[in-house]
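Work through the exercises below with the structure open beside you. Try each task before you read its solution.

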Amino acid sequence: MALALAPPTAQAAAPALELPFICGTSWKGDSGSSSAHRNNEIDWNMSGTTGNEDLGEPVLAAAAGTVRWEGGETSAYGNYVEIDHGGGYSTLYAHLDKKSVHLNDVVRQGDVIGTVGNTDGNTSGLSAHLHFEFRNRGGGQSYPDYIRPASFHGDAFDYAAGTETYVSQNCGTLNKAAKSINGDKYDDAIGVDSEGVAWVYYGRSGGGFSAAVRLGAGWGAFSRIAINDSNGDGWADLFAVGNGTLYYWNNRGNATFSTAQEVGPGWGAFEYVSFVDINADNKTDILARDGGKMYVYTGQGGGAFAARSLLGEGWSGLLRHTAGDADADGDGDIWATNSAGDLYFWKKTADGYATAAQVGSGWNGFRHLVAMDVNGDSKADLVAIRTSDNTLWQWLGGGAGTFGKATQIGSGWAGFTLAVN
């Protein structure tokens, strides 16, 4: 009699891991130097840094999954989260300074889950780094045997050498360039000249812009022209207000735009508007100031927005605002200037916005203040026109709402309006 043999149980596929850091950044992994390591653990630091220089750098999910375990500062791992990827596989992220996700949260690959830290319940004076483990709890093994060798973007970590440097390819869902018209990682600018002709200036590595490319005529009839991604597809769309009505031009995915669609009337009453992804879904939202009140219109994709909600009051003393992601955590922070030219910063938090902090002065000498990621590091920079000589300047973001030294990146901007963001 023939026996029917049961097929062997299929082994669940391991997740395809990406480096748990911002796309394009370089990190050195070390598996051999720590006496605390037992089996395939990796400690990560950004290339070229020492001590606590990495403190606060964003940590991203290496693969999609659900947070199944977490701990606080007093645990043996300090602040940590462990993400379940299914099939018994999980990844652990330890010694975090801050956690952005918690138990049972569902995350996508590339979502920010915390920041690099030095928390540890057993040790004081720990230098900032990310302790990373790739685990397979489904194999019936116990700690530390279930810590498995890790690969990133298909490249197996060199455990024999003990160290290896990677450039992150974790470019999936988060930190897409919100204002990139041509779909690369550098935000772009639009300037409208005195004849109403719009010109595109493509961002490039290291900051600054390429030579102007003509977009088209007829833009002199519009105000508050803006660039931002409404669909989360990585291709920036256009918005503008004409005769009080907000219009939307969809980017076709090739740096050209569809016919204008009407979003809605009533936008002429706002003193200032900016377009930014506040809630980290890669779809632009709108911040609009009406007197002393700031309102949020949450983006729904395709140029559509939900009904407004009140963000806060007390904005009447601030002449202009701009918004962008200061710290590469995926959500929109705010900068604004007062009548004295002082620059203030509001960081987006889980509970709203933090108290304003002054981060600069002397901004009365500049017009068309715009936040954008010019150099592709996922941290907002500032671009503005100096009124006295119509030159264009940039300030590269430092990651905490502050900026580096001003650098001139253009001239000849007399008569130009720079698109807001």
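Four exercises follow, on strands, sheets, salt bridges and a pocket.

This is a predicted model, where local features need pLDDT of at least 70, side-chain atom pairs count only at pLDDT 80 or more, and totals for chains, interfaces and linings use all residues. Residues are numbered from 1 along each chain as its sequence is written, and side-chain values use heavy atoms, with hydrogens and water left out.

**Exercise 1. Strand 14**

Task: Find which side chains of strand 14 are buried and which are not.

Solution.
- Step 1. Locate the strand. Strand 14 covers residues 163–167. Strands here are DSSP runs of E with at least two residues, numbered from the N terminus.
- Step 2. Recall the rule. In a regular strand, side chains alternate between the two faces of the sheet.
- Step 3. Sort the residues. Glu-164 and Tyr-166 point to one face and are buried. Thr-163, Thr-165 and Val-167 point to the other face and are not buried. Buried means under 20% relative accessible area, exposed over 50%, and partly exposed in between (1.4 Å probe, protein chains only).
- Step 4. Find the neighbour. Strand 1 (residues 26–30) runs antiparallel to strand 14, and 5 bridges join them. Lys-28 has Thr-165 as its bridge partner.

**Exercise 2. An open sheet**

Task: Work out the strand order in the open sheet of 4 strands, and name its edge strands.

Solution.
- Step 1. Recall how strands join. They pair through backbone hydrogen bonds, either parallel or antiparallel. Two strands count as paired if DSSP finds at least two bridges between them.
- Step 2. Read the order. It is 17-16-15-38, with antiparallel pairing.
- Step 3. Pick the edges. Strand 17 (213–216) and strand 38 (417–418) each pair on one side only.
- Step 4. Check one pair. Strand 16 (residues 198–201) and strand 17 are joined by 3 bridges. Here Trp-199 stands opposite Arg-214 of strand 17.

**Exercise 3. Salt bridges**

Task: Examine three salt bridges, starting with Glu-57 and Lys-379. Are these two residues buried or exposed?

Solution.
- Step 1. Set the test. A salt bridge is a side-chain nitrogen of Lys or Arg within 4 Å of a carboxyl oxygen of Asp or Glu. The whole structure has 10 of them.
- Step 2. Take the pair Glu-57 and Lys-379, at 3.3 Å from N to O. They are 322 residues apart: Glu-57 is in the loop between strands 2 and 3, Lys-379 in the loop between strands 34 and 35. Both residues are buried.
- Step 3. Take Arg-68 and Asp-84, at 3.5 Å from N to O. Arg-68 lies in strand 4 and Asp-84 in strand 5, 16 residues apart. Arg-68 has 38% relative accessibility, so it counts as partly exposed. Asp-84 has 23%, so it is partly exposed too.
- Step 4. Take Glu-82 and Arg-137, at 2.9 Å from N to O. Glu-82 lies in strand 5 and Arg-137 in the loop between strands 10 and 11, so the pair ties together parts 55 residues apart in sequence. Glu-82 is buried because its relative accessibility is 1%. Arg-137 is partly exposed, at 32%.
- Step 5. Widen the view. Glu-82, Glu-133, Arg-135 and Arg-137 are linked in a network of salt bridges.

**Exercise 4. The largest pocket**

Task: Find which strand supplies the largest share of the lining of the largest pocket.

Solution.
- Step 1. List the strands that each supply at least two lining residues: strands 7, 8, 9 and 31.
- Step 2. Choose the leader. Strand 9 gives the largest share, 3 residues.
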